[in-house]
Amino acid sequence: MKNKENVTSLTEILQNMKRIAVLTGAGISAESGIPTFRGKEGLWKTYRAEELATPSAFSQNPKLVWEWYDWRRGLIGPKEPNAGHKVLACWEKIFPSFALITQNIDGLHQKAGSKNILELHGNIWKLRCTEEGTITENHEAPLKEIPPRCPDCGALLRPHVVWFGESLSSSTLHKAYLLSSSCEIMFVVGTSAVVQPAASLPFSASEAGAKIVEINPDPTPLTSYSDFSFRGKAGEILPLIDEELNIESQD
Ligand code: BV8
């Protein structure tokens, strides 16, 4: 089976590597029961991104945008990390340098035990005051008040996430490119590789000489540039690689 041979040849090089980077997208949380954005049951299918995950949508109708986020928080809250998240949390401990960069805002990498996470698009459990810019963690689902207001100044709170048309913070972006261009290998797991600037990170890694490993049941625009491409689910492929890595490390 193609994946099995690939796993062996991948782990032969992986076991000698020191600097690993991983970029994850919505697909790594699919097996935890969280819908992806572009899948057949995708989030954007039910709701149109331009109506909801944009600054103009929020200024026009904060209540509607918050109802969508409140619904997503209610959906995500009880979900548990899957085997894919857990392997990455283990790898953080075994490789000398391990960078986890995620596009996800669901907090499942934290729940799986990963400590050092670069959240490119923020976190659905954080709220930001639209006046003071203060950020608070809030896990209420459902929210007591929609739209929620700042207890200090009464201004609207917004989800501390990056919307379409909003720039990522320059420090986050700088860190993401630094991590991507200094790794020896980048795993790209569960992303359709269309949303910028996240989708350009694997190319930065590749240009700096890193090997690219894609894990996705479907091909993406990154597939033809990948050194290894596993057509499969994150929760199945990552444990396979981890198992083979442990065997090789005992040899
Ligand atoms: C920016 C947080 C500079 C919010 C997200 C026109 C106007 C304005 C901007 C643009 C424009 N045209 C292009 C842009 C740029 C835009 C962009 O890239 N658009 C795309 C759609 C073309 N980007 C931005 O706006 C970014 N900012 O560029 O600033 C700027 C400023 C002003 C004007 C222009 C530019 C900000 C982007 C961040 C948006 N926020 N999330 C929220 O979630 O509510 S993006 C959101 O969607 C996610 O965070 C994620 O990044 C993205 C979804 O991507 P994926 O994670 O890849 O998920 P997807 O469903 O697509 O794919 C899942 C994959 O998993 C699939 O391939 C599937 O096969 C696979 N899969 C399924 N099951 C499994 C699996 N894989 C493994 N295992 C499984 N079991």
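**View 1. Salt bridges and polar contacts between domain 1 and domain 2.** In this predicted model, the number of salt bridges between domain 1 and domain 2 is zero. On the side of domain 1 that touches domain 2, the residues are one nonpolar, one polar and two charged. Polar contact across the interface of the two domains comes down to one residue pair, with both residues at pLDDT 80 or more.

**View 2. The two domains and the area between them.** According to the domain assignment, domain 1 consists of residues 3–33, 81–121 and 167–245 of the protein chain, and domain 2 consists of residues 39–78 and 127–161. Four residues of domain 1 and seven residues of domain 2 take part in the contact. The C-alpha centres of domain 1 and domain 2 are 27 Å apart. About 390 Å² of area is buried between domain 1 and domain 2, and carbon and sulfur atoms give 60% of this area.

**View 3. The residues around the ligand.** The ligand is surrounded by 30 residues. The closest of these are F37, R38, Y69, R72 and S192. By class, the shell around the ligand holds 12 nonpolar, 12 polar and six charged residues.

**View 4. Polar atoms of the protein beside the ligand.** Two residues place a polar atom beside a nitrogen atom of the ligand: G27 and E31. For G27, a polar backbone atom lies 3.4 Å from a nitrogen atom of the ligand. For E31, the atom belongs to the side chain, and the distance to a nitrogen atom of the ligand is 2.9 Å. In the side chain of N216, an N or O atom is 2.7 Å from an oxygen atom of the ligand. On its own, the ligand has 1500 Å² of accessible area, and the protein covers 75% of it.

Notes: Residues are numbered from 1 along each chain as its sequence is written. This is a predicted model: local features need pLDDT of at least 70, side-chain atom pairs count only at pLDDT 80 or more; totals for chains, interfaces and linings use all residues. Side-chain values use heavy atoms; hydrogens and water are left out. Domain bounds come from an automatic or database domain assignment. Contact means heavy atoms within 4.5 Å. Buried area is the accessible area (1.4 Å probe) that two parts lose on being put together, summed over both. A salt bridge is a side-chain nitrogen of Lys or Arg within 4 Å of a carboxyl oxygen of Asp or Glu. A polar contact is a pair of N or O atoms within 3.5 Å; within protein, one must be able to donate a hydrogen and the other to accept it, and residues adjacent in sequence count only if both atoms are side-chain atoms. Ala, Val, Leu, Ile, Met, Phe, Trp, Tyr, Cys and Pro count as nonpolar, Asp, Glu, Lys and Arg as charged, and the others, Gly among them, as polar. A residue is near a molecule or strand if one of its heavy atoms lies within 4 Å of it. Accessible areas come from the Shrake-Rupley method with a 1.4 Å probe; for residues, only the protein chains shown count as cover.
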